Structures are given as structure tokens and as C-alpha cells.
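Got the viewer open? Let's take a walk through this structure, one selection at a time.

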Amino acid sequence: MRLAAENLTVVFGHGSRAHVALDDVSVGVAEGTTLGLVGESGSGKSTLAKALVGLVRPRTGRILLDGADVSALRGARLAAVRRRVQMISQDPYSSLNPRMTVGQAIAEAIDPRRADHRRHADAVTGWLETVALDGDAAARYPHEFSGGQRQRIAIARALAAEPEVVVADEITSALDCSVQAEVLNLLAGLRERLRLTMVFISHDLAVVRHVSDEVAVMNRGRIVEYGPCRRVYRSPAHPYTRRLLGSVPAFPLQESR
Amino acid sequence: MIRWTAGLKAGLAGLAAVALVGLAAPYLFGEAAQQLSGAAREGVSAGHWLGTDALGRDVLARTLVATRLTLLMTAAATAIAGVLGILIGTTVWVAGPRVRETGLRLIDVMVSYPAVILALVVAAILGAGPVAAVLAIGVAWSPAFARLTASLAASVAGRDFVATARLLGVPPYRVLTRHLLPNIAEPLLVLLSVAFAGTLTALSGLSFLGLGVQPPAYDWGALLDTGLEAIYTNPAEAVGPAVAITLTGVLAGFVGDGLAAGSDPRAGRGRDGWSPSAPVPGRRAPDGALLVVDGLSVELPGGVRLVDGVSFHVMPGEIVGVVGESGSGKSLTAMAVARLLPDGVRATAAGLRLGDLDLTGRAEPARLATEIGVVYQDPSASFNPALRMGGQLTEVLRRHRGVGRAEARERAVKALEAVRILQPETVVRRHPHELSGGMRQRAMIASAVLPGPRLLIADEPTTALDVTVQAEVLELLKEINTAEGTAMMFISHDIGVVGTLCDRVLVMYAGRIVEELPVADLRVGRAAHPYTRALLAATPRLDEDEERGPLTTVPGRPPAPSARPGGCAFAPRCPVALPICATDPPAPVPTGEGRSAACHAVGVPS
Ligand SMILES: Nc1ncnc2c1ncn2[C@@H]1O[C@H](COP(=O)(O)OP(=O)(O)O)[C@@H](O)[C@H]1O
Ligand code: SF4
Ligand SMILES: [Mg+2]
């Protein structure tokens, strides 16, 4: 397993207001594969994502990166490990600093200490082109882009850190379907080329099915079903999974195919 | 990104002039201010414009000379308040959650204590004198900064880009200087100018009471004190310092208001640049249409057209969806209708009206604010982080509908209840960052429908939400539409979402409307335009075949607004392009009841 969570429990608040966000969760993703995470709002998907990248400290349990426990690290060693696992978040509005140009943001991902956007101009242009944006986007500020364009910038920034694992939290929910298709294909290509390992979170069951090798279905902080993608979709074992699959608005598009 | 409003410019220019006086006056009038003329308590005369004081010194000269000390003390007290407050605020925020809660409570108590009383306590402890007064007022004003800093830092630090910076390994001091401070600077600047005016009056008050500057030194407060003693013999003696204090305070207020207005996303509504254009021939909206848009274009100053001559209408009670790739001009079209275009772009239209309200001219702000409700794409930027929810929700009601404070609050609570926010009474007292994304978006909807608008514009209201919250928000919009008959313009890039909510759909590409069709047609994939068909084909499906090939994509990218081809903008990507497509832009042609498409190939047998 490249990245794994072992008996992870995350609790927010304390005393009478304690809320168990993750309850004894164990999942893993093998090198070069993609784990899909589905579940409804508040089921703990984003919390699991944040725990995996170290933004949320688990109360109990461990996070293993290549078999080594990283949940106890602090300081410089934590910083070094962190860059190996990057997260792309859901909201393209809050994921980019409005006071930094796109070029500065990507340069910061390449070199977080100096973030010199002139020195890294070529690399910045390269990453922008990877996500189908023009190089001249580097000089502009996030507010000059629409939501979908911003999400592509966020993806470019995450990739620019050249991580081994990418945790993608609802990254296509803000994209148009044609761009979504483009980004999904792009991620598929990068996965192969960079042997990228991914945890892919989405409420869109169709999208998860499209990109994942394995799927974990979450409900109320627990994983209720976990298995190969094909098996889970074809013969869901847990009633909750069946309910989720049943609540997708059927949208037959026969004629356009 | 400060907007240079007239008030801000005037305030800054005025303060600069006052500062100049402070700098120059002691050299120019220093002697005159000390000169004993022998004529004590003399009235206004040509030699002494404001008369003389008890020792026969010229009051005008003394007022001008006192400017320097007054400004220095005020600036020092403001600086102390700012630095101390920001330090306390950051410390409280950086400390763990338990310390934070207690700290915030404490700060709240101190803020509700009048600064002057706190200052009197400090001055009583430290004794009278200018240094004590400055320290006292500085300390007394610091809780206001502490609270704002703590609440702003919490709201900015909660945004994803700060977390991302930490993941990327950006060192903490850089996170502070590059990510946090620049994003909280604006509200702090506003408070700084408010505090400047506040410390000025407070310091003058202390000097007036004899607790501040001690003779023979003098500031405006001390002059006011001696002036008031002679109010019956020479009223002008008190007028000089009084006017100086008031004027400087008002100028600082101008700066504060100017800064605040410039950073308010909703300010400047209805003041964007507009001009009429020639009517579009052959296009007529049906009678009784609520919103009629005719030949609307939005352009950059260089003439680049971001939105290129779109025409459409919305019937009363109808929900019209707008779909298209990002950058196709959906938001700009909607914002042009709401008169909320960003700075730097201009709109032209042959006609644009909502019922009897003409939206092309100088539309009345009150009618705009109450008749068009807007739900923004970005729930985190739509509320001011420094203010509580209650005031922001009721602003339009109080300002434009003349509803009293208590009633407005009651209606806000009801509206929050209606959008199924639990414990609305406590929510109105919270700051925006204390609510979750879904709650904020629902509160946004509540605030948009509160004044009872005729048209609700929702720009990707569910994009930042996840699926079950999204379903709730959609249901909520449908409910409002059914119950109130509110017409809606619903913008989304998600064809599935549009399909569940809307009655009719407009498809946009590269700044133009390329197809208009009933939602039922979209649902079954009965689209005429090659672009709409491509969009539908690129949507991944749940019942997709087992073999997982790459998704169908539309090859290429939409052209940049400045580089649109002369003919059909979709031509370079179109699988069925004809020779004429490269040269002639296709005009929308009706293809049936409530349908039209702008494509040369539509109707041509393939
Ligand atoms: N404030 C602005 N200044 C300059 N260009 C802008 C501005 N806002 C949007 N644009 C440009 O206008 C086009 C349309 O943008 P927008 O209406 O936001 O698209 P959509 O909402 O369909 O995603 C895009 O090319 C975008 O880059
Ligand atoms: S006008 Fe021509 S290029 Fe444009 S969509 Fe129709 S067929 Fe394609
Ligand atoms: Mg938009």
C-alpha cells in the first residue's frame, strides 16, 4: 500500500459537544491505482481526505505512507513528507489566494521557500499547458478566471509539487461536463505517465466509477462497503450503497450517443 | 484591491492637508502663537481672525500650531491600538481552541466597554499627562482590533489556500505574510481610520478634562478647554479647536467609508458603464415576458466582446437555465442583468427591462436591490467576514424598504427558518465564517429572497456544495418558485442539475447563445446544435459500458474572447462544420416551439 489509514478515528470538539467524524476507518490505496470515495454530505469523506494529508490530527489510528507511520511526525520531517501527498480541494474559490497571481501560486508549489515566479516561468507555463490553460494566464489573478478555469489552476498547482499521491476532493463538481471529461482523461493520462496514486472523492457515482479501481462507500463516519469498483457497482452488498445508487437522477442520453 | 471612490480621495487629500498644516504651522506661526499681544480675550478682528486668549495670544495661530501635537498623539494612540490589538488577536487565534474561546469572550466584554471609560481608568492609574493619555486611549481601542483580527484570521485561515500552502511546505512566516495578512488588510485599514477618528476625540476629551496634555504644552483638546472658559466673551476661541477636531474626524471617517465601500462586493450596484445599441432585427420577446434582454453585449475597454449580442427572455414564474463551459459568459450575462458587472467591463444593449423597470439607464438602486435577488457562486465571498449575519441579511430591507430594525430581524429569522437553518436566532448573531458552506449558501438564498424579488438570479449556487446539500438547495429553490412565483435565471455548468430544476435552457458558447430548448428535450438528448450534442456526449454515465475507454471530449478549447474566429466560434471544434461556417456567423433560427439554434448545419440533411 502506498498510502493507508489504519483504524482511524477523528473527533471534533470535546466534552458534550464531541462529534465523531471518522469511526475506526481503515482503507488503503496501492501504488498506481485509484481509490474512489463516495458517500453523502457529512459522511466524512472530506475529513478522511484531510486526515490522509495531515491537515486533521486523528485521535487514534495511524496514517502509513509506504508503510511508515507519518501521523506522529512534526516540524521539518512532517513538511518533507507533506509535499509527497498533495490535496486538491473542492471549492475553486477558496483554494486560490486572491492576492497572488496564478504564476506566483504555481511557483510557490514548485519552490515554497522562495517562490520566484520569474525563475520558474518555463515550468509554470508547462504546468498551465498540462491543464489546458494558456501560458499568459500566469500573470493574471484568480478573480479573472471562471470557476472551471480556477479548478484547473488548482490542479496544476498540486501537480507542480510533483507528489506521489494526490487526494482529490470533489474536484470535478465545479467543472463543466466537457471540461470534466477533459480533466478526468488528463488525470488518467498523468496517472499512467507519472505512476500517480490517487484518492478520488466525489458525490458523482458515475465519475467515481469512471476513474476508480476500488471504491469505498462511506456513511456516518464509517466505511460500509469497500471493494473493487466493478463488484460494488454491479452487486452492491450494503443497503446504503443500494440507496445511493438508486438516488442518482437517471439521465438517459441515448440519442446523443 | 482598493477602489478609489470620490469620498476616499477627498478624505485622503483632506488629511494630507491637515498633516501639512501640522508639519508647517509651528515654523510659520510658532512665534505668533507665543506672542503676548497685551489684548486679552479680544474678539474676532482683522489682526486676530479668531480673537485672542486669556494671555492675549492669537487663537488661530495656536490652533494651527496645536495640529502637530494633536496629530502625533492621535497617530501614536492609533498605532498602539492597532499593533497591540493585532498582536492580541493573532495570539488568541493561534492559541488552542480552549484559550481561543475564553480569549474571544474576554475581548467581546472589553469591546462593549466604552473606550473612554477604560481610558479614564488607565489615566487614573498612570496619572495625568500626554504619555499616559496616549497609552490609555491606545490600550482602550485595542480590543476592537483584537476582535476583528481574530475573526478575520479565522475566516481566512479556514479557506483552502492556507491549508494548501501548508501542504506545499510553505514556511509559517510566509503563510502569514503572503497568505493571511494581505487578505485581512482591507477591513483592518477601515478600522484603523475609524479608530483614528475615535482616538482623536477621546484624546481631546482627556485634554479637555485636564488629564491629557499639561500646560504650557497644548493640543486641540486643551485649547477647547481654555476656549470654553471664555465662551461668553469670545465664542470664537472655542470654535477654532472644535472645528479642527470635527473636520479631522470627518475626514478620517470619509477615508474609512471610502475603503469600506471599495471592498464591499455589492457596492457600486447600478453604477456600471452602460450604453444603448441598435435593436436586433427580427427578434421579439413574447408578450407578458418579465425579463427581456435584447442584444446584450459586455466588452472590455479595448473592444473585446466577452458577451456578444445575446437576446433572451424569462416569463413570470419561469425558471430558465443557462449552461455552457466555463468562460462562455454565463456569469457576465447574469451580472449585467443584475447591474453588478465588475469594474473594467462595459455593457451595451438595445433593450433590457424587468417588467416596467428599464435596466439600461440609471436604474434606481432601491428598485434594483429589491426586485432582483442574487445568489452568488461563491458563498464565502458573498458576506462581509467582519459583520454579523443578522445585519447583513436585513440590510436591503432596512435601507430600501424602510423596515424597522426589530421587524427586519424578525423577518430575517423567519427567512432563515424557511431555508431550514436550525436555531436561526443564534445564527443571526454569528459571523459568516462560523457557518458551514451549505448553511452560508442557504443564508445567501434567504437574504436574496427576503425583499421579495421578482427575479432571482442564481449563479452556480450549488457548485461548491456536495451532492445531498446540492439536492436540498435545488429543492429549496423549486419551493420558493412554486410558493412565491419568483422567476429565476439559474446558471450552471452541470446539465444534470439544470435538467432537474429548469423549464427552459439556454446554451452558451464563446459569449453567444447557441441554442435554446425545453428542458424535456435536453433530458432525452434531443439537441439540435453540435455543441450541445458534444456537451451531452461528454457527460459520464452511471450505466456506462464495462469497458472504460476515455470519455468523449470535444477536441480543442473554446477560443479566447480576443481570438474568436470570424464565422461560427465553434467551427474549429465542430465535427460537422461546413465551408460557410468559417466565414459567416450563424444567426439563431427557430427550430420549433420554444426552440432555436444558431448553426448553419441545422435543418440541412446530413
Ligand atoms: N472582471 C473581468 N475582467 C476581464 N475579463 C473577465 C472578467 N470576468 C470575466 N472575464 C472573462 O470573460 C469571459 C466570460 O466569463 P464568465 O461570464 O465568468 O464565464 P462563465 O460564467 O460562463 O464561466 C471569460 O473569458 C473570462 O475570462
Ligand atoms: S455553424 Fe457550422 S461550425 Fe458552427 S456549430 Fe453549426 S455546423 Fe458547426
Ligand atoms: Mg460563472
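Select Ala537(B): does this residue count as buried or exposed? Ala537(B) counts as buried, at 13% relative accessibility; buried means under 20% relative accessible area, exposed over 50%, and partly exposed in between (1.4 Å probe, protein chains only).

Before we go on, some ground rules. This is a predicted model, in which local features need pLDDT of at least 70 and side-chain atom pairs count only at pLDDT 80 or more, while totals for chains, interfaces and linings use all residues. Residues are numbered from 1 along each chain as its sequence is written, chains are lettered from A and ligands numbered from 1 in the order in which they are written, and side-chain values use heavy atoms, with hydrogens and water left out.

**Stop 1: around Ala537(B)**

Stay with Ala537(B) and color its helix, α19 (residues 530–537) of chain B. Helices (H or I, at least four residues) and strands (E, at least two) are DSSP runs, numbered from the N terminus. How many residues of α19(B) are buried? The answer is 7 of its 8, so this helix is mostly covered. Pick them out one by one: Pro530(B), Tyr531(B), Thr532(B), Ala534(B), Leu535(B), Leu536(B) and Ala537(B). Now draw a C-alpha to C-alpha distance from Ala537(B) to Thr552(B): they sit 15 residues apart in sequence and 6.3 Å apart in space.

**Stop 2: the ligand**

Next, select ligand 1 and show what is near it (a residue with a heavy atom within 4 Å). You should get 14 residues, and the closest are Gly327(B), Gly329(B), Lys330(B), Ser331(B) and Leu332(B). Why is this site shared between chains? Because the residues surrounding ligand 1 come from chains A and B.

Color the shell by type and you'll find 5 nonpolar, 6 polar and 3 charged residues. Here Ala, Val, Leu, Ile, Met, Phe, Trp, Tyr, Cys and Pro count as nonpolar, Asp, Glu, Lys and Arg as charged, and the others, Gly among them, as polar. Helix α10 (residues 330–337) of chain B gives the largest share of this shell, with 3 residues.

Zoom in on the oxygen atoms of ligand 1. A polar side-chain atom of Ser331(B) lies 2.6 Å from one. Two backbones join in: a backbone N or O atom of Gly329(B) is 3.0 Å from a ligand oxygen, and one of Ser328(B) is 3.2 Å from a ligand oxygen. How much of the ligand does the protein cover? On its own, ligand 1 has 570 Å² of accessible area, and the protein covers 85% of that (Shrake-Rupley method, 1.4 Å probe).

**Stop 3: chain B as a whole**

Zoom out to chain B. Its secondary structure comes to 19 helices and 14 strands. Of its 606 residues, 52% are buried. Switch on the surface: the accessible area is about 26200 Å², and 63% of it belongs to carbon and sulfur atoms.

**Stop 4: two more helices of chain B**

Select Arg442(B), which is in helix α15 (residues 437–449). Arg442(B) is buried, with a relative accessible area of 14%. What does this arginine touch, leaving aside neighbours within four places in sequence? Its contacts (heavy atoms within 4.5 Å) are Val419(B), Arg420(B), Ile421(B), Glu472(B), Val473(B) and Leu476(B).

Then hop to Ala32(B) in helix α1 (residues 6–34). Ala32(B) is partly exposed, at 30% relative accessible area. Not counting residues up to four places away in sequence, Ala32(B) touches Asp58(B) and Ala61(B). Its C-alpha is 9.4 Å from that of Val59(B), 27 residues apart in sequence.

**Stop 5: over to chain A**

Find Asp24(A) in strand β2 (residues 19–29). Its phi is near 55 degrees, a positive value in a residue other than glycine, and Asp24(A) is partly exposed, at 45% relative accessible area. Asp66(A) also has a positive phi, near 50 degrees. Look for Asp66(A) in the loop between β4 (60–65) and β5 (68–69), where this residue counts as partly exposed at 40% relative accessibility.

**Last stop: cysteines**

How many disulfides (cysteine sulfur pairs within 2.5 Å) does the structure hold over all chains? The count is 0. Finish by selecting two cysteines: Cys229(A) is buried at 7% relative accessibility, and Cys574(B) is buried at 16%.

Note on methods: A polar contact is a pair of N or O atoms within 3.5 Å; within protein, one must be able to donate a hydrogen and the other to accept it, and residues adjacent in sequence count only if both atoms are side-chain atoms. A disulfide is a pair of cysteine sulfur atoms within 2.5 Å.
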